[in-house]
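Please work through the following exercises with the sequence and the model open beside you. Each task is followed by a solution that goes step by step.

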Amino acid sequence: MEILRTEHLTKIYGKGNTSVTAVNDLSLSVAQGEFVAVVGSSGSGKSTLLHMLGGVDQPTEGKVWIQGEDIYTLSTEKLAIFRRRQIGLIYQFFNLIPTLNVEENITLPCELDGQTVDKKRLDKLIDELGLNGRKTHLPEELSGGQQQRVSIGRALINRPAIVLADEPTGNLDKKNSDEIVELLRRANQEYRQTIIMITHNLEIAKTADRVIVIEDGKIIREG
Amino acid sequence: MVTSIMKKRTIRERKKNRRQTIAVWITTCIATALFAAVFSFASSCQAGLIEYAKDLSGDYDYVFYDVPREEADHIVNNRKVATAYQSVGLGYAKLSGSKNPDKPYVYLAAMDNRAMQKNALHLIKGRMPKNDHEILLSRHMMTNGGVEYRVGDMITLDISEREDKNGNVLTQSSGYRTGEKLKKKLTASFQVVGIVQRPNFGFEEWTAPGYSVITYLNPKGDNIPEKYMQRTDIYCKYTKAGLRDRAQTTADIVGVTLTPGVQKFPFIKDERITNRQINDLMERSPYRFYENWGLIRFERMDIGQSAYHMLYLAVAVTNVIILAAAVSCIGSSFAISMEEKRKSYGMLASVGATPRQIRQSVYYEAFLTGRTAIPLGTVLGLLLSTGGIFAIKALLYGQNTVQYLHVHVAWQMLIAGILLSTVTLVLSARRPAKQAAKSSPVAAMRGQAKKSRRAKKRTITAAIAGCTALFILVSYFMGVQTISVGQSNHMFDDHANVSVDVQGSWEVNRSAVLQSTKEKSVTEAAVLRTAAYMVNTKEVPYTQTHIRRNGAPDLKHETTAVIQVLAVGETAYRNYLKELGLSYETAKDCAIFYNAYAGYWDGKETTWKVTDYKPGDWIRGQFCHEEQMEKTPDMTDQMQIAAVTTRRPFGVDTSQSYTDSGTIIVSDAWLDAHDPQGGAKITVKYASTDPGTLTQALEKTYDFYPEEIRNRDLQNRENNMLLFVDGIALYGFLLAVLLIGVTNICNTVLTDLWQRRREFVILRSVGMTPKQEKQMLAKEFFGYGRNGIAIGLVIGGCASALYYRIFASGVQGALWFCVAATVVIMVGLLLLFAGMIRYAMMKK
């Protein structure tokens, strides 16, 4: 079942002679439960693509459907609500809220939604992320790998339709990188979580079900 | 509704950003304190003025005279009448031995305890009557009427009704008429138990033919049968709603339709229309009534009253200044805080916080500040106002109205202050909340934070400009006040330090006036009586200078003019003639022509000659009085000029020589012989070695109206002290606003330096020395200061010029205060920036 589709997605920055086309007429489709890796050289437009898929950057042209919803027809308020319920975002630099502890950062999307958190599920998730004993720690008290685990937990807590990971291992050493990728794979396999991950590391990309290669804002190869 | 996670985040962020949090808290607290102090002080002043007015003129708004007893309930029970008390006018009795032909009677009224208390009767001796066999006398009866009674004496009165020649009943508002009769009702005897000061104007007008005497109101008493108490005077206090529409309320009470008056604004009554309606009601009302304007004007403090336009304007302007300063400072702190958290807001947006939730978290932060700062600020403001009131009472101790000043907190004012503070916080948070809600998740992910240095520069420049402008305006205002007070203190150049305007005729008051000039502390005195002498303008040799500079009289259209005739009392006149080198015998039947006119020319005060009269010249004319002014008199009188001089006698100041055609100074005997009706207006001037004692004697011994007695030494001291108090209040207020401004500047500058620390590190790493770093900062700060002061000078200068044009065009020399203020601001800024540079260098 198709969970994400884009049609003629384009993003142009600037105007006139100084304009840059980061994404150029890109169409793709992702099925539910797929683990897709997007690779490309620096400046190829992969991060821009991810931002547009995540609803945080308005495309210049084109559409993005997630679960049949054209997300860029939603108002700012409704898009934010959609994002916290249906999209999980994982960043290279973790982007945790510095004044919230581990548990609070993970449950942030639920709290923003006014939902009561399922304690059992939360504890299980924290356990799976290997963060037991760190629940009340602030981000500055965690290592890079631990912070990224928190970020993954935040992305998965609401069981979103799709998880978008922007270079999740870019800031980590090999051991932590492997652990993070393993977590994402397990989420994909055990919970049929659809994941789109950007990486410049081909070894990591090979672990995905599908690899899309982007260059100059276009898909040049899929496999 | 802010979610609990956002609340937690906000609380923790506040603890993390302590400087911003404290800056916002302090500013909110100061602004709230100022609002509370302004409102509390205003309500205390109003309460004090009301107490003063009640004591002076009685605790009632309207009095309806001679209302039939059976109609009294209709008035007393009117829903717009809050409280009422009654006094019964029993009648008149001949006062044997009265020396005042205009006041041959006593007027007997009966009052209960409440009425005696509310009617502002001030006991001098004895006590208030407790039954209808006891009586209070007015001291005025003794001092003016010349009939002495003591406490304990018995007095028997033939209580009667006054009737005119046609049998119409006359009341206290009708002065004594030749040919009127007394129709006796009953005879009653009373024991004198107390003596009071002359009652207020509402009870006894100065034209009233009877001196007030008061017994106890007891319809069941055995001295005055109830059948003589069929008419009553009803003193009413209206409700707030009744006072708001007092013309309609009064019309309802008297049962007369109100003449229409279209008010321009539905909620603001134009007092001129209301006064017209009241005057019209007075003419058509079945009962005579009196409006106690002395009290109403303070109870109402109506913005429609022109007297209060200035007051309301002052309060509004003060609050606007506080609001603007506070919003600017708090808004700037919020903006800085928001900028530092921009990345955090972007992250929140990226995980699904809606713009609304982000906005609400900013407002929640404002709420957290307000919930402690506003109550504490309110308490501080009340303490400030209380302290201020005590300080004013101590500094102005002895001044008439100040003793009534007391702390009074109207709950409406308190609520208004709290509301204003809340509005300040909300307005301050509005823009930062909007900007936070627009925070870009993309920018957050890229680790970018938009720094707006231009906005910070604007904030600093605006704060400096605002403080400068305000300082200059306040200094200019104080400069004008200082010069005005100085001018006022030296306004009278007649060498007198006490004066009194005496009400009544010369015959009646002559003895008391002359006796008062012989008081022990009086070294010199003048009894001034004026009269009007009408002359033909063609016969007056006006100087060309006078015609050109004064512009009056208008010789083309006016055929007559008035020369003021002034009698100064025998002793003062003799002394005057001696100074002029004239003998009394030669000059007593002549006139001395005072030939100087003081006016403004070429922007400064100067004097010039009015006429070219010479000694020996005759002035032909006619004494005339008000009723004759419209028709040209026969000019059958004449007076010879003994001397022409620019010298004034004791007691005559420059303001008294403000007539277009000069002033003639004559002896008492001459004036009495040539104008027996003249000299009605009596002013007595004294040079006294003990003005305080003399003032007391004039009031208590000679029974002159206290409002007409002026102790200039005391007034000058009070003026100076009031100026001092004004200065403390204004500069205190200025200091508080400057504190807000300085907090804003320090917060913005130091935060900016902190945010640019990486830039400084890079500069140092490529070889910038500490000295060069200091110079760079000094240059930057100089830019802020130069721009801010320049803008502030322009705004402050324009505001001062506007103030000069509207209110102070007669006052010269206040500009120097602005120059001094500018220098102070520059020095202050220099010290502030030097301090900040030092601090920044220390924090490497």
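The exercises below concern a predicted model, and they go from the contact between two chains to the sheets of chain A and then to salt bridges.

**Exercise 1. The contact between the chains**

Task: Describe how much area chain A and chain B bury between them, and find which residues of chain A lose the most area to chain B.

Solution. Step one is the area itself, and the size of an interface is often given as the accessible area lost when the parts come together. Chain A and chain B bury about 2300 Å² between them, with 62% of it on carbon and sulfur atoms. In chain A, the residues that lose the most area to chain B are A:Glu77, A:Thr99 and A:Leu112, which together account for 25% of what that side buries.

Step two is the list of residues: chain A brings 25 residues to the contact, and chain B brings 27 residues.

Step three turns to polar interactions, where 11 residue pairs are in polar contact between chain A and chain B, counting pairs with both residues at pLDDT 80 or more. On the side of chain A that touches chain B, the elements giving two or more residues are helix H2 (76-86) and helix H3 (102-113) of chain A. H2(A) gives the most, with six residues. Sorted by class, this side of chain A has 13 nonpolar, five polar and seven charged residues.

**Exercise 2. The six-stranded sheet of chain A**

Task: Establish in which order the six strands of the open sheet in chain A are arranged, and which strands form its edges.

Solution. Begin with the order, which is S6-S7-S8-S3-S9-S10 in chain A, with mixed pairing. The edge strands are strand S6 (87-90) and strand S10 (218-222) of chain A, each of which pairs on one side only. Neighbouring strands of this sheet are turned against each other by 20° on average, direction ignored.

Next, take one pair within the sheet: strand S7 (residues 162-166) and strand S8 (residues 194-198) of chain A pair in the parallel sense over five bridges, and A:Ala165 stands opposite A:Met197 in S8(A).

Finally, place the helices. H2(A) lies across S6 and S7 of chain A and runs at about 75° to S6(A), while helix H5 (residues 144-156) of chain A packs on the sheet, touching S6 and S7 of chain A, with a direction that makes about 170° with that of S6(A).

**Exercise 3. The four-stranded sheet of chain A**

Task: Explain why one side of S2 and of S5 in chain A is left without a neighbour in the sheet.

Solution. The four strands form an open sheet in the order S2-S1-S4-S5 of chain A, with antiparallel pairing. Strand S2 (20-31) and strand S5 (69-70) of chain A stand at the edges and have a single partner strand each, so one side of each lacks a neighbour in the sheet.

The pairing of S2(A) can then be followed in detail, since strand S1 (residues 2-13) of chain A is joined to S2(A) by eight bridges and the two run antiparallel. The bridge partner of A:Leu4 in S2(A) is A:Val30. Helix H1 (residues 46-53) of chain A lies across S1, S2 and strand S4 (61-66) of chain A, running at about 125° to S1(A).

**Exercise 4. Salt bridges**

Task: Find how many salt bridges cross the interface of chain A and chain B, and how many the structure holds over all chains.

Solution. Across the interface of chain A and chain B there are two salt bridges. B:Lys8 forms a salt bridge with A:Glu104, their closest N and O atoms being 3.4 Å apart.

Over all chains, the structure holds 43 salt bridges. Within chain B, B:Arg162 forms a salt bridge with B:Glu180, the closest N and O atoms being 2.8 Å apart. B:Arg162 lies in strand S6 (residues 154-163) of chain B and B:Glu180 in the loop between strand S7 (169-170) and strand S8 (181-196) of chain B, so the pair ties together parts that are 18 residues apart in sequence.

Notes:
Residues numbered from 1 in each chain as written. Chains lettered and ligands numbered in written order. Predicted model: local features only at pLDDT ≥ 70, side-chain atom pairs only at ≥ 80, totals over all residues. Heavy atoms only, no water. Contact = heavy atoms within 4.5 Å. Buried area = accessible area lost by both parts, 1.4 Å probe. Salt bridge = Lys/Arg side-chain N within 4 Å of Asp/Glu carboxyl O. Polar contact = N/O pair within 3.5 Å; in protein donor to acceptor, adjacent residues only side chain to side chain. Nonpolar A, V, L, I, M, F, W, Y, C, P; charged D, E, K, R; others polar. Pairing = 2+ DSSP bridges. Axes fitted to C-alpha atoms, helices over the stretch in contact; angles between N-to-C directions.
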